[in-house]
Amino acid sequence: MAMAISSALPSSLLMAAAVMLLIVQAQGITRHYEFNVRVYICIACLSVVIAFLMNLIDRSIDLQVQMANATRLCATKSMVTVNGQCPGPELVAREGDRVVVRVTNNVAHNITLHWHGIRQVRTGWADGPAYVTQCPIQTGQSYVYNFTVTGQRGTLWWHAHISWLRATVYGPIVILPKPGVPYPFPAPHKELPVVFGEWWTADTEEVVNQAVQTGAGPNVSDAFTINGLPGPLYNCSAQDTFKLKVKPRKTYMLRLINAALNDELFFSVANHTLTVVEVDAVYVKPFTVETLVISPGQTTNVLLAAKPYYPGANFYMSAAPYSTARPGTFDNTTVAGILEYENPMSASAASFVKGLPLFRPTLPQLNDTDFVTNFTNKLRSLATAQYPAAVPQSVDRRFFFTVGLGTLPCPANMTCQGPNGTQMAAAMNNVSFVLPSRALLQSHFTGLSTGVYAPDFPVAPLSPFNYTGTPPNNTNVATGTKLLVLPYNASVELVMQDTSILGIESHPLHLHGFNFFVVGQGFGNYDAVNDPAKFNLVDPVERNTVGVPAGGWVAIRFLADNPGVWFMHCHLEVHTTWGLRMAWLVLDGSQPDQKLLPPPSDLPKC
Ligand code: C2O
């Protein structure tokens, strides 16, 4: 993977320092730099010290959104990419760095990029969801995303945040700890991103447009990929297989990212265990599993310990979907990469020996919700003095949202292919969120919100029902562009309740602008009297995307200390399209450093 990454700082000393740091830090990236080593090493040493003292590095990156051809499963397609790559370039930064990304749109589609999981403290203008924090970047235009990585280290990712373009527009974000700060676990021998994606032979923009026009559920992907490669279990794909070559006795950190559009995934490596050490760029208490589950939007760092000897075998690294939905409504295939050991006896150490025994992992059943519950219950914050779990102990605002599917009546001029001739829809608190044609954040900032949004998102369902019991006969949802307003620094508790309308389903809910703590979860209907007593307020996992259990509920808490408009949505793209999304409006605080910064001058116009 090659990428152009350069550093821009006022002083040339710091520029050299940044370049040196990038060269030292950006593992796994091919770098093409030539310079006079002698001169620069002196300058760099000095400037590393200066940069260390200032603890500020600017990372400037140019990203070109451009069409590129790719061939998978025996078919070639032209698709939207960043820099012609899929997955796109890996962004590497250190905690505390300022990141400046210039994005230029060279394609016929409008585009935005989102830095998934980056908190964007006071810099909502750089968050990226189209029509929420910005108007899209139009063809031929550029926009500079400018933000600082504060209080986070680990793996996150970036992706397009408009329509379904993230199908091919995504890539890893690696945030290294501050200089001199070690991981809270033994340093791995090597680390690398392992990005799960979906491969669609069709153009995903046509797929979603057709689904919206017919009201039916959209088609599903043709394959899953690991770092863009489908692997040996698919047609024509043996050459397109991700291979991880390891040495005996060494430990490897896999930065797992689920960038699939619509599928939660189980992942396992045959005859090896995985030790989970971080999720969503927050360290967790390490625990070891054979299989894990990762939802779209989530990231998970795992340590994979290679065997102490050369095993004379190869091992599949496989991922397949978790879903409680009807078969046919999701991609029921399996992606495999291959874990290979370097043969100490072989002349060319890393050569792949043909005919070695091959081991495959056993993945859970497609609908194994018990497995998922078991796994998610193991996730705990480190909760140490250095990495405390700052879970709000008291609550200022309590909210209860239903999360689920529904329908919309078929418009008079249309024939609809949803259930009983309706259109498929999805909603939170029965509101199917309609994106405006002007950006919410700008409307808020300029005070021109009339006709763009209403600040009246319901704090609880307007007509309560037995959410996980027999579904009501009327499955219709309302539509609207409603925001929920929070005062600065409110501590919030939100219970999200799945419904059985058109079938229970797990929904990976993602909140922009914040991490939250997952204080409780359960099955059936949430019991506001008895369930809170079971909440974990000591070491709950902290993350940005959580699965609302199929037929159950999850309770989260967060501190609304980031002014702006923050999108919250299901990270299954099909559900987002159907309206399973809303936005919070967090007001400015009274202090100067508690206010949303003004918009950059190049903010795109609608
Ligand atoms: Cu990963 Cu709103 O997105």
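Here are some short exercises with worked solutions on a predicted model.

**Exercise 1. Find the disulfides, and work out how the bonded cysteines pair in sequence order.**

Start with the cut-off: a disulfide is a pair of cysteine sulfur atoms within 2.5 Å. By this rule the count comes to three disulfides. Cys74 is joined to Cys236, with 1.5 Å from S to S. Cys135 is joined to Cys606 at 2.0 Å, and Cys410 to Cys416 at 2.1 Å. Now number the bonded cysteines along the protein chain, and the pairing reads 1-3, 2-6, 4-5.

**Exercise 2. For the link of Cys74 and Cys236, give the handedness and say which parts of the chain are joined.**

Look at the S-S bond: the value about it is -75°, and the link is left-handed. Next, place the two ends. Cys74 is in the loop between β2 (58–72) and β3, while Cys236 is in the loop between β11 (223–226) and β12 (243–246). These are distant parts of the chain, 162 residues apart. Finally, check accessibility: Cys74 is exposed at 54% relative accessible area, and Cys236 is partly exposed at 46%.

**Exercise 3. Decide whether the disulfide of Cys135 and Cys606 is left-handed or right-handed, and do the same for Cys410 and Cys416.**

Take Cys135 and Cys606 to begin with. The torsion about their S-S bond is about -100°, so this disulfide is left-handed. Cys135 lies in the loop between β6 and β7 and Cys606 in the segment after β34 (581–586), so the pair ties together parts 471 residues apart in sequence. Cys135 counts as buried at 3% relative accessibility, whereas Cys606 is partly exposed at 48%.

Then turn to Cys410 and Cys416. Here the torsion is about 85°, so the disulfide is right-handed. Cys410 is partly exposed, with a relative accessible area of 26%, and Cys416 is buried, with 12%.

**Exercise 4. Classify the ring pair of Trp164 and Trp200 as stacked, tilted or edge-to-face.**

The structure holds 27 aromatic pairs, so pick out this one by its numbers. The ring centres are 5.7 Å apart and the planes stand at 65°. Planes over 60 degrees apart count as edge-to-face, so that is the class of this pair. As for location, Trp164 lies in the loop between β8 (154–160) and β9 (170–176), and Trp200 in the loop between β10 (190–199) and α3 (204–214), so the pair ties together parts that are 36 residues apart in sequence. Both ends turn out to be buried: Trp164 has a relative accessible area of 1%, and Trp200 has 3% relative accessibility.

**Exercise 5. Name the charged ends that sit over the ring of Trp199.**

Arg72 places its charged end over this ring, 5.6 Å from the centre. The charged end of Lys77 also sits over the ring of Trp199, at 5.1 Å from its centre.

**Exercise 6. Trace the open sheet of five strands and identify its edge strands.**

Write down the order: β26-β34-β33-β28-β31, with mixed pairing. The edge strands pair on one side only, and they are β26 (483–486) and β31 (545–548). Neighbouring strands are turned by 25° against each other on average, direction ignored. Now zoom in on one pairing: β28 (residues 507–511) and β31 run in the antiparallel sense over four bridges. Leu509 has Val546 of β31 as its bridge partner.

Definitions and conventions: Residues are numbered from 1 along each chain as its sequence is written. This is a predicted model: local features need pLDDT of at least 70, side-chain atom pairs count only at pLDDT 80 or more; totals for chains, interfaces and linings use all residues. Side-chain values use heavy atoms; hydrogens and water are left out. Rings of Phe, Tyr and Trp (its six-membered ring) pair if their centres lie within 6.5 Å; planes under 30 degrees apart count as stacked, over 60 as edge-to-face and the rest as tilted. Helices (H or I, at least four residues) and strands (E, at least two) are DSSP runs, numbered from the N terminus. Buried means under 20% relative accessible area, exposed over 50%, partly exposed in between (1.4 Å probe, protein chains only). A charge sits over a ring if NZ of Lys or CZ of Arg is within 6 Å of the ring centre and within 35 degrees of the ring normal. Two strands pair if DSSP finds at least two bridges between them. Axes are lines fitted to C-alpha atoms, for helices over the stretch in contact, and angles run from 0 to 180 degrees between N-to-C directions.
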